[in-house]
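Opening the notebook on a new model today. I want to go through charged pairs, packing and aromatic rings, in that order.

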Amino acid sequence: MDLTGPLFDAFALPFMSRALLVLAVLSLVAGLVGVLVNLRGLEFISDGLTHAVFPGIAVGFVWGGREGLFLGAMLSALVAAVVLTLIVRRAVSSDAAIAVVFTAMFSVGVIVVSRQTNYVGQLEQLLFGRLLTVSATEVLQATVICGIALLLVGVTLRQQVFRAFDHSGSAAAGYRPLVLDIVLNVAIALVVVAASNAVGNLLVLAVLIVPGAFARLVTNRLWLLFPIAAGFAVLAAWFGLAIGFEASVNAGIDLPSGATVVLLLVAGYAVALVARLAIDRFAGRWPVGVRR
């Protein structure tokens, strides 16, 4: 499969350029937020948030169509982020509480969608996205939402990193753990909102988590984690869209763009994991932890 043309020429088409733009914006902010998720070990919580946001996406879509999707998702994301933070801090078994509460919320979203005509088509669109039909307005909305998430994390980045490595020390230094947790969870929820319309609710987790995990395999330098994660996500988006376009147009193979991008993310992570294991095996283990 010759990708030389699709890597550049395909993006002269408006729908391809919009898809690449929205994924690039998502990749940049998910790279930053995703590294913090990885450092804090919040992958399961992020999974819970993707389920928790789904009812708002479903209600907004059913009541207001595509125009109402972002508003419904935004409201449910903010509520879910705060509720999630309080559950984690107060629940006896936070993992069980997250699983119970947010599985129930996801089920509510499915029930809401099931009351509509064309149930299967609408549910598929919400779960798996519609990357190639994203409008210019939706690109702008996703950019604004990602900008808010980036701002929240950016102004608290040093505190967030401090908290990731030394919970007790950050509290002793005067930082408020509850505030930092809410800020990070809100940022995660906003990324979920911004990504859900493009790559779908079920696939957004890979966009949020895999780049950060990839970066941890590639470097143990703390401040290199963020650009590596974001750059890897952008490259996966670019090549994934190009492969999907080439396969669909010239090879007659229908490859869903969002799923193709996610598969490239996972494949890149798998390659990095094998390489890291080989390095650890034959060239000596890297120091434990992450260095500044």
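Below are my entries, one topic at a time.

**Entry 1: what I'm looking at.** Note to self: this is a predicted model. Every value I jot down here is computed from it.

**Entry 2: salt bridges.** I listed the salt bridges and got three of them. I started with Arg40 and Asp181, where the closest N and O atoms sit 3.0 Å apart. That pair links distant parts of the chain, since Arg40 belongs to helix α1 (residues 14-40) and Asp181 to helix α8 (residues 177-199), with the two positions 141 residues apart.

Asp181 also forms a salt bridge with Arg163, and there the closest N and O atoms are 2.8 Å apart. This one too links distant parts of the chain: Asp181 is in helix α8 and Arg163 in helix α6, 18 residues apart. So I wrote down Arg40, Arg163 and Asp181 as a network of salt bridges.

**Entry 3: buried or exposed?** I checked accessibility for the network next. Asp181 has a relative accessible area of 7%, so I have it as buried. Arg163 is buried as well. Arg40 comes out at 21% relative accessibility, and because buried means under 20%, Arg40 counts as partly exposed.

**Entry 4: the remaining salt bridge.** Arg276 pairs with Asp280, the closest N and O atoms being 3.3 Å apart. Why are they separated by about one helical turn? Because Arg276 and Asp280 are four residues apart in helix α11 (residues 257-282). I have both Arg276 and Asp280 down as buried.

**Entry 5: helix α6.** Arg163 made me look at its helix. In α6 (residues 157-165), I find Leu157, Gln160, Val161 and Arg163 buried. They are on the same side of α6, because the arc they cover around the axis is only 160 degrees.

I then picked Ala164, also in helix α6. Its C-alpha is 7.5 Å from that of Leu36, although the two are 128 residues apart in sequence. Leaving aside neighbours within four places in sequence, Ala164 is in contact with Leu39 and Arg40. Arg40 is the residue I already had in a salt bridge with Asp181.

**Entry 6: nonpolar core.** The largest nonpolar core has 75 residues, and the members touching the most other members are Val22, Leu23, Val33 and Val199. Which helices supply at least two residues each? My list reads α1, α2 (43-90), α5 (136-155), α6, α8, α9 (204-218), α10 (222-249) and α11. The largest share, 14 residues, comes from α1. A general reminder for the margin: in soluble globular proteins, nonpolar side chains tend to be buried together.

I zoomed in on Val22. Not counting residues up to four places away in sequence, Val22 touches Leu131, Val139, Ala142 and Ala198.

**Entry 7: aromatic pairs.** How many aromatic pairs are there? The count comes to four. The one I wrote up is Phe162 with Tyr175: the ring centres are 5.9 Å apart and the planes are at 85 degrees, so the pair is edge-to-face. Phe162 lies in helix α6 and Tyr175 in the loop between α7 (167-172) and α8, so the pair ties together parts that are 13 residues apart in sequence.

Neither ring residue made my buried list. Phe162 is partly exposed, with a relative accessible area of 29%, and Tyr175 is partly exposed at 32%.

Terms used:
Residues are numbered from 1 along each chain as its sequence is written. This is a predicted model: local features need pLDDT of at least 70, side-chain atom pairs count only at pLDDT 80 or more; totals for chains, interfaces and linings use all residues. Side-chain values use heavy atoms; hydrogens and water are left out. Buried means under 20% relative accessible area, exposed over 50%, partly exposed in between (1.4 Å probe, protein chains only). The arc is that of the directions from the helix axis to the C-beta atoms. A salt bridge is a side-chain nitrogen of Lys or Arg within 4 Å of a carboxyl oxygen of Asp or Glu. A nonpolar core is a set of buried Ala, Val, Leu, Ile, Met, Phe, Trp, Tyr and Cys residues joined through side-chain atoms within 4.5 Å. Contact means heavy atoms within 4.5 Å. Rings of Phe, Tyr and Trp (its six-membered ring) pair if their centres lie within 6.5 Å; planes under 30 degrees apart count as stacked, over 60 as edge-to-face and the rest as tilted.
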